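User: Hi! Could you walk me through this protein? I'm new to reading structures.
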Amino acid sequence: EIEDDEDDVGLSIAETRTANVNEEEYRWTEEVYYRLRHTFKLPGFRPNQLEAINSTLIGKDVFVLMPTGGGKSLCYQLPAIVKSGKTKGTSIVISPLISLMQDQVEHLLDLNIKASMISSKGTTQQRKQTFSLFSQGKLDLIYISPEMIASSKQCKRVIKKLYQEGNLARIIVDEAHCVSSWGHDFRPDYKELYFFKSEYPKIPMMVLTATANEHVRQDIVTNLRLRNPVFLKQSFNRTNLFYEVLRKDKDSIDEMIDAIKYHFTEQSGIIYCHSKNSCEKVALQLQNNQIRCGYYHAGMDPDERMMIQRDWQRNKLQVICATVAFGMGIDKSDVRFIYHFTVPRTLEGYYQETGRAGRDGKPSYCIGYYSMKDVRAIQKMIQKDSSLDKISREKHFDKLQEVMKYCENIKECRRKLVLSYFNEEFDRNLCHENCDNCKKCQDVVSHMEDITMIAKDVITLVQSIENETVTSIYCQNLFKGSRTAKIIQAGHDNLEKHGTGKSINKAKIEKIFFHLISERILEEYSITNNGGYANCYVRTGVNSRKVINGLLKVKMELTELRPIPASTTEDNNDGTNSKVSKNSKSKPVFLEVLAEQGRHMKNTPV
Ligand code: ADP
Ligand code: MG
Ligand code: ZN
């Protein structure tokens, strides 16, 4: 029963369906499209969404593997309100995070969908009310936390009643990788979810995850006892996106502004920054260069944020400088460039944020700026974040380390690197030179260097002053042999190991310290001062003794470009010599690609 009374429905459905002429017709097809347009207010389906919806409405078990941000929720939220499928009643959704459930329920209520949630949180009164609606089959969707399934008898009783009255439509397990101890996010309570299939084998189940690892997949199927599921897998590769990582220095902001002004003229884009402050600063600089630009971060009030987003959505603003707070609910298909002016915190985040470019399938560019300074700034933010416990803080540091590895890699295909992170194997040839590393195809020399001797010196140096609470940078400066006033005043220029590393360049010293920290030979720790700010200091770590005693060798991978003789590269065809000095930075590769494609954005304004 379709309650809406608008009369343009037939036409809209026909319009949205022209794209899917080959699809099978089901008796619920009309209703499915009607819900898509009028309830969810979306223009069309993304890959595999319709397949998932049809399969569950037939009554089959479904396995949906889709990248983060790919649109998994719609795969189960939409069928939950379709009345003409083979199943009827309430859809139960198991989801691991209460905050996530809350967001989704609120979103659904906004769309006038009857949804609610049951978790250990909330008042007894609230829970009573929800259980009452739930047991009467009055809800379309109910979100239940896995620990309720594992521990609440009441919960199981109500599910049984629902089933007996024919009101249990399907079971959905979101973030299904949580069921596998091979996954990165194992939750013991998820194991108990086999209960559904063992009690009610015929009730269809849909499981969803973004984790593509084969082992995890097997675990999900066996642990949840899926019956011959329809497997819907979507490659995480975004073929139309070009990826590049650039070293960040003081000229980077101008380089970016130039590219936006002259190569992405009038094209829509996003610049991601790591803090509210940097968002505003970068936005101001763009504005000073006559670029229509706004900023967006969590420190602004919701109305203001909505307005900025709307102006950008309507191309009143060309560019938006944003923190990661900007993302939810963006649906702009013609985003041509994404800059990460600061490195992202995680590769998942990077994938998701860059994924906002080129939804229309046209060539788009994802450019990241990378510097150790920014990495350290982010480390500090993680260190200061009081919402994190020790274990999750470690996890954040590890993830940042992965981002660094990605950025420092100047050899491997960017796609291959990102996709391998999602456990997708990728053949480099399929990149078609659509990333900086494939395009340059540089002669990269890489070798493992034994830095044990250097490490010993560093350990001894750090050990000799660690009682004085010193930072990693300060120690790096000492190692390099710096004699700032502060160093001399403290008498640290007299330390035995002061200047032992003076022949090593600064960037490499930085890398060495970072490597030693990641190998737990050094360790960073924080002290919270009176103002509540945590400062980050360095000391020797658990593995330092082994290095000193000769039980642990320290090896570090070094990559560098094989020098190409200037005469063969710098000579232009017409015999003139470009005035490129030896030290000048090479031009970003994406500019070359833009030029080659003859798609200089100037010619095709939005
Ligand atoms: P996932 O759970 O796969 O990470 P979500 O279900 O949270 O992804 O969806 C991510 C975003 O994509 C949401 O903002 C959602 O509104 C949007 N989205 C989902 N399906 C579509 C669609 N067919 N068309 C446009 N936007 C969609
Ligand atoms: Mg999701
Ligand atoms: Zn590549």
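User: How many bridges join β8 to strand β13, and which way do the two run?
Analyst: There are seven bridges between β8 and β13 (residues 364-370), and the two strands run parallel. Keep in mind that this is a predicted model.

User: Cool. Which residue in β13 does V245 stand opposite?
Analyst: V245 faces G368 there.

User: What order do the strands of that open sheet come in?
Analyst: The order is β8-β13-β12-β9-β11-β10, six strands with parallel pairing. From one strand to the next, the twist averages 15°.

User: And what holds strands together in general?
Analyst: Strands of a sheet pair through backbone hydrogen bonds.

User: Why do β8 and β10 each have one side without a neighbour in the sheet?
Analyst: β8 (241-247) and β10 (293-296) are at the edges and each has a single partner strand, so one side of each has no neighbour in the sheet.

User: Which strands does helix α13 touch?
Analyst: Helix α13 (residues 276-288) packs on the sheet and touches β9 (268-272), β10 and β11 (319-322). The direction of α13 makes about 175° with that of β10.

User: Switching topic: how far does helix α14 reach?
Analyst: Helix α14 covers residues 302-313, and its 12 residues reach 16 Å from first C-alpha to last, close to the 16 Å expected at 1.5 Å a residue. N315 follows α14 and has a positive phi, near 65°.

User: Zooming out, how many helices and strands are in the protein?
Analyst: The protein has 26 helices and 17 strands. As for burial, 36% of its 606 residues count as buried.

Terms used: Residues numbered from 1 in each chain as written. Chains lettered and ligands numbered in written order. Predicted model: local features only at pLDDT ≥ 70, side-chain atom pairs only at ≥ 80, totals over all residues. Helix = DSSP H or I, 4+ residues; strand = E, 2+ residues; numbered from the N terminus. Buried ≥ 20, exposed ≤ 12 C-beta atoms within 10 Å, placed from the backbone. Expected span 1.5 Å × (residues − 1). Pairing = 2+ DSSP bridges. Axes fitted to C-alpha atoms, helices over the stretch in contact; angles between N-to-C directions. Contact = placed C-beta atoms within 7 Å.
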